Amino acid sequence: GLALSIPAVVSAMGFTAGGILAGSLAAKMMSAAAIANGGGVPAGSIVALLQSIGAAGLSAGAQAALASLGPLG
């Protein structure tokens, strides 16, 4: 379900355990976020959230929430 596919998609975008891959969609998103915010990527932004998922996967709570969706989760 979604709990398994979300980390795979996030990783394919370039958000990985080792950081954001150069030249990836993730790198472009990070650059745009940094430019829009004066040089930094704000905590809680979509880029920060996706990097967190790429680095550590989904939390147990997020996995449980997705699983509660039934066949979609």
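## A tour that starts at helix H3

Select Val47, Leu50, Gln51, Ile53 and Gly54 to begin: these are the buried residues of H3. Look down the helix and you will see them on the same side of H3, because they cover an arc of only 160 degrees around the axis. Keep in mind as we go that this is a predicted model.

**Stop 1: Gln51.** Colour this residue by itself. Gln51 belongs to helix H3, which runs over residues 46-56. Is Gln51 buried or exposed? Its relative accessibility is 18%, and buried means under 20%, so Gln51 counts as buried. Now show its neighbours as sticks. Leaving aside residues up to four places away in sequence, Gln51 touches Phe15, Thr16, Gly19 and Ile20.

**Stop 2: the end of H3.** Move along to Gly57, which follows H3. If you have a Ramachandran panel open, pick out Gly57 there: its phi is positive, near 80 degrees.

**Stop 3: residues 6-27.** Next, select this span. An unreviewed UniProt entry annotates residues 6-27 as "transmembrane region". What does the model show in residues 6-27? The span is 50% helix and 18% strand, and its end C-alpha atoms lie 18 Å apart.

**Stop 4: the whole fold.** Switch to a cartoon of the full protein chain. Here you can find four helices and two strands. Followed along the sequence, the elements come in the pattern α-β-β-α-α-α. Aligned to the principal axes, the C-alpha atoms fill a box of roughly 40 × 20 × 20 Å.

**Stop 5: surface and contacts.** Turn on a molecular surface. The protein chain exposes about 4,300 Å², and carbon and sulfur atoms supply 70% of that area. Of the 73 residues in the chain, 26% are buried. A contact map is a handy companion at this point: among contacts with a separation of 6 or more, 51% are between residues 24 or more positions apart.

**Stop 6: confidence.** Finally, colour the model by pLDDT. The average for the protein chain is 87, and 90% of the residues score at least 70. Which elements have the lowest and the highest mean pLDDT? Select residues 60-67 for the lowest: this is helix H4, with a mean of 76. Then select residues 25-36 for the highest: helix H2 has a mean of 97.

Conventions:
Residues numbered from 1 in each chain as written. Predicted model: local features only at pLDDT ≥ 70, side-chain atom pairs only at ≥ 80, totals over all residues. Heavy atoms only, no water. UniProt positions renumbered as here; feature names shortened; annotations may be inferred. Buried < 20%, exposed > 50% of the residue type's maximum accessible area, 1.4 Å probe, protein only. Contact = heavy atoms within 4.5 Å. Areas by Shrake-Rupley, 256 points an atom, 1.4 Å probe, with all protein chains shown as cover. pLDDT = per-residue confidence, 0-100. Arc of directions from axis to C-beta.
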